[in-house]
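Dear colleague,

I am passing on the structure we spoke about, and I would be glad if you kept it open while reading the notes below it.

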Amino acid sequence: MIVRTLKECEASERCVTAETWKSVRMLLKDDKMGFSFHITTIFKGTETHIWYQNHLESVYCMSGYGEVETLADGKVYPIEPGTLYILDKHDEHLLRATSEDMVMACVFNPPLSGKEVHDENGVYPLSE
């Protein structure tokens, strides 16, 4: 059994911060579960370009408000607590937090190794 707290993960190398987000990576590839689990905060007033060409992701909003825009068709979907969005087609998108930080629970398949940050195209590399 694996037991971790958000607090202990935030105080470790499992916490990765970028200009527009913070990701606390609670479950990673080395845990050998076949997926990774993250608590990600999208900072208020920011826009993040993301295009997971190598990963599928499900994202559940726990708190905060914002929107996700799919670039292929320009559709904008509101995000609020209780919203789940699923990037099942490697959707290139823009994620925006509007009135406050958004705190999201995220699941990745295949799992992340832990140190990934988005490249210039919004992509996480595929780890070996």
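What follows describes the overall fold, then the largest pocket, and then one tyrosine, Y60.

The model is predicted, so that local features need pLDDT of at least 70 and side-chain atom pairs count only at pLDDT 80 or more, while totals for chains, interfaces and linings use all residues. Residues are numbered from 1 along each chain as its sequence is written, and side-chain values use heavy atoms, with hydrogens and water left out.

The protein has one helix and 10 strands (DSSP runs of H or I, at least four residues, and of E, at least two, numbered from the N terminus), and the helix precedes the strands in the sequence pattern. Of its 128 residues, 41% are buried, meaning under 20% relative accessible area with a 1.4 Å probe and protein chains only, whereas exposed is over 50% and partly exposed lies in between.

The largest pocket (an open set of points on a 1 Å grid over the protein atoms alone, where a 1.4 Å probe fits, with protein on both sides within 12 Å along at least five of seven lines) is lined by 15 residues, those having an atom within 4 Å of a point. Nearest its centre lie T70, Y77, I86, L87 and D91, and strand β8 gives the largest share of the lining, four residues.

Y60 sits in strand β5, residues 56–63, and is partly exposed at a relative accessible area of 38%. Leaving aside residues up to four places away in sequence, Y60 touches G82, T83, L84, V103, M104 and A105, where contact means heavy atoms within 4.5 Å.

With best wishes
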